[in-house]
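Student: I'm new to this structure and could easily get lost in it. Could you pick a single part and take me through it closely?

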Amino acid sequence: MLSPATRTVLDVRNMTVELPSGADRKYAVENINISVKAGEIVCVVGESGSGKSVTAFNVMGLLPRGLKTTQGQILLEDDEDVLKASPERLRDLRGTRMAMIFQEPMTALNPVMRVGEQIAEVLQIHTDMSGAERRKRVLEMLKLVHLPDPERLIDAYPHQVSGGQRQRIMIAAALTLDPGLLIADEPTTALDVTTQARILQLVREMQERRGTGVLFITHDFGVVAEIADRVVVMQKGHVVEQGTRDEILRRPQQPYTKMLIASVPSIKPPPYVAPRGDVILSAKRLNKTYGKKGFLFGGGRVVHAVKDVDLDVRRGETLGIVGESGSGKSTVARCISRLVEPTSGHIEIAGQDMSKLSSTGLRDLRRTVQVVFQDPYRSLNPRRQIGASIIEGPMNFGLSRADAVARARRLMGEVGLSPDALDRYPHQFSGGQRQRICIARALAMEPLLLIGDEPVSALDVSVQAQVLELLAEVKKKFDLALLFITHDLRVAAQICDRVAVMKQGEIVEQGTAEALFANPQHPYTKELFDAAPGRDFMATLEPVA
Amino acid sequence: MTTDVANAPAEEAPAPRRKASAIRGALRNPSVIIGGVIVLLIALLSIAAPRLGTIDPAEINPAFRNKKPGAERTIRNDDGTQSKYEHRFGTDSLGRDVYSRVIYGGRVSLIIGVTVAALSIAIGLIIGMIAGYIRWLDGPIMRVMDGLMAIPAILLAMGVVSLSRAGLMAVVIAILIPEVPRVVRLVRAIVLSIREEPYVEAAITLGTPTPVLLFRHVLPNTIAPLIVQATFICASAILVEAILSFLGIGIPPDVPTWGNIMAEGRSLFRVYPHNILYPGIFLALAVLAINMLGDGLRDTLDPRFAKRV
């Protein structure tokens, strides 16, 4: 191998990309300099809209239409300027000297092509190997990325393999021709935390073994701490700060970097204070099965989404349900809010049995249980003014319009927004603001129990911290019971008093956040903790003031 | 992935006025303009038919049969005076004026097109919303709709018309029945995707009663695709009416419709092509214009759908 420390595989010099007129700023990225050496992982971190993806796409020559590079150079291995390359030359370069993996392994693979064919495509285009040679090489690559049973997998279709395996296949395809540069655009964001840990390990391994330079785009400081050699922090199209991982994470110089790092929730929960409020929610042996009864054809397959779940939440207390996708945590929330009917079980809200409710009784339940949903872009009707959304609930329960509007105005102040914004439409607000509006809408019903179904997962880390703070604040002020669903242990540590860990529909462990985080008992909980990216590193960080 | 790129300009951007810009966008689309202008012209022609130098389209003149376009004859006016009348499109085998018949024929076509479109959208919307929202009714309703779609439209029309007295109403019903399932499918598909939207679930948790929920949160999402669908139904209804009339099972032959005129001219097509040519041109033009209007509206009102097709 060449001496990896000296060879530069990517050098972005003074690059400026112009946005189309009418955008909120003139440049997508302005005058940025980033370089990646062979055998080095450079993480580009930033919040949404910081220009990190534009940078990655421009290096691949995949700039979206409407955007234009107005100055700068993108040098590959010091000799080839991507920006000056012809489309034919670019096609040659992709795959052979640079490759990219994407966020959504589901959509990055062609669903009607066998896995092996998709990897072999690279060889077919760029080499003159025979079919048998290609197959042999593909099998080697599949083995290299630690896919189980490559002989079988090579002929599988993408829908037959899991998300993590798909990402491995993408990596195998990207690295088949040993490109000097690998661009990874949030490759683990769509994956579960345990899968993410394995993929990060694989990227690390590939980069070490083959001396590939990696440009790794992410928004997650945990991931940065886990794999970065050097870090580039971007904000609104500018490089705010760059340096080695230790420099950036331990001694950040710029206020923006400091703010970002301070926003990362610490994995140490605050000490547990036993709540004294009465029990608001009590669920016993809650079950939900999905499956067809088999009318005429097929059927009979039953999925046990929630299995014998016992929960209770007191007034003023936050119970977190933590689990990976498919663990049934959202189904629990949906059963309690009766968006789906539980198959069996017993739910009591404020001492009232909810399982045998008539439809009028259910309406009362609606008032006492409110939900804040994950996606702030879809949880408000885009065609209605936010005021109309907030007063809808109270007016359903007989409040006059004037009273409802007065309440909405008061709540807007409560969630940190201007009461005068009630006549605006959802698209006029940012994600964090919309989530505040959703909280106001839930509070307008004066509920006893507030359910947050991944309410901060779609938000940038700095916004996430603010929304979590707001949730804790309203919980205290309105003396609510809070049921908080999340996949992120760090978020759970920050807001939850008690935590229940779910796996495959069952609660495997439940306890106070303090005890659970300090000393997890169940093997699965331990695995989750070990998988949390950058855990060891972040734990050693000095709290940034 | 590209979400960063896509979201960057949208975040905190000043509010574009959605509705106003959608209408303005539609008015800038060339196929909306061309299609719209032609439809408007045909509609005006039909409405103003008596004032466009036409004579009674049903008047038979055995002495003046099968005249080529441009033939002139003297007609007696109501007040007893006489004047020359030019048969611009010639006359048919009963001596009726083809020009007058074509212009009047547009009335029947447009009435049927618009009525069928409006009725099928209205009925289909209601059934589709019910099928999409009330889960246990979905299966039964959709199987009935599948059954309706399995009956060939022309055969169904023949059945309906032969069961009742041939007339406008019978033809409208005959064309309507096979169109409704298409609207139901469209509406149901939209409702099924919209009901999963978190804002609909949020409305459920706010205790919004189901009818209000459907009207307030679900219905607005169906309007744009339905407007587009309505234009296609309108065009297809006009065509089917012409086919039925041409086969002699639609509107009674004495009523001028484009299909009837063509049916009448069929036997002498080789000698006197004008009998089929003129109504044919109008029919083709009307259907083409309405379809262009629909295509243009789809591109501007419903870009998601446009990309998919």
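Tutor: Let's take chain B, going from its overall make-up to a pair of its helices and then its contact with chain A, with a helix pair from chain A at the end.

First, some ground rules: this is a predicted model, where local features need pLDDT of at least 70, side-chain atom pairs count only at pLDDT 80 or more, and totals for chains, interfaces and linings use all residues. Residues are numbered from 1 along each chain as its sequence is written, while chains are lettered from A and ligands numbered from 1 in the order in which they are written.

So what is chain B built from? You'll find 12 helices and two strands in chain B (DSSP runs numbered from the N terminus, H or I of at least four residues for helices, E of at least two for strands). If you start at the N terminus of chain B, you pass α-α-α, then β-β, then α-α-α-α-α-α-α-α-α. As for its extent, the C-alpha trace of chain B spans about 75 × 45 × 35 Å along its principal axes. Chain B has 309 residues, and 42% of them are buried (20 or more other C-beta atoms within 10 Å of their own). Now take the contacts in chain B between residues at least 6 apart in sequence: 70% of these join residues at least 24 apart. Contact here asks for C-beta atoms, placed from the backbone, within 7 Å.

Now zoom in on two helices of chain B, α4 (residues 98-133) and α11 (residues 274-301): their axes come within 10 Å and cross at roughly 30 degrees (lines fitted to C-alpha atoms over the stretch in contact, with angles from 0 to 180 degrees between N-to-C directions). That crossing makes α4(B) roughly parallel to α11(B), a label for angles under 35 degrees. The crossing of α4(B) and α11(B) is right-handed, meaning the near helix is turned clockwise from the far one by less than a right angle.

Who does the touching? From α4(B) come Val98(B), Val102(B), Gly105(B), Gly106(B) and Ser109(B), and from α11(B) come His274(B), Asn275(B), Tyr278(B), Pro279(B), Phe282(B) and Ala286(B). Sorted by class, this contact of α4(B) with α11(B) has six nonpolar and five polar residues, and no charged ones. Nonpolar covers Ala, Val, Leu, Ile, Met, Phe, Trp, Tyr, Cys and Pro, charged covers Asp, Glu, Lys and Arg, and the others, Gly among them, are polar.

Next, turn chain B around to find its neighbour. In the contact between the two chains, chain B puts in 25 residues and chain A 38 residues. On the chain B side, two or more residues each come from α1 (3-10), α8 (198-205) and α9 (210-246). The biggest giver on that side is α8(B), with seven residues. Charged residues do turn up here: the side of chain B that touches chain A has 13 nonpolar, seven polar and five charged residues.

Finally, here is a helix pair in chain A. The axes of α11 (residues 255-263) and α17 (residues 461-478) of chain A come within 8 Å and cross at roughly 50 degrees. The residues that make this contact are Met259(A), Leu260(A) and Ser263(A) of α11(A), along with Val461(A), Ser462(A), Gln464(A) and Ala465(A) of α17(A). By class, that gives four nonpolar, three polar and no charged residues.

Conventions. Buried ≥ 20, exposed ≤ 12 C-beta atoms within 10 Å, placed from the backbone. Parallel < 35°, antiparallel > 145°, perpendicular 65-115°, else oblique.
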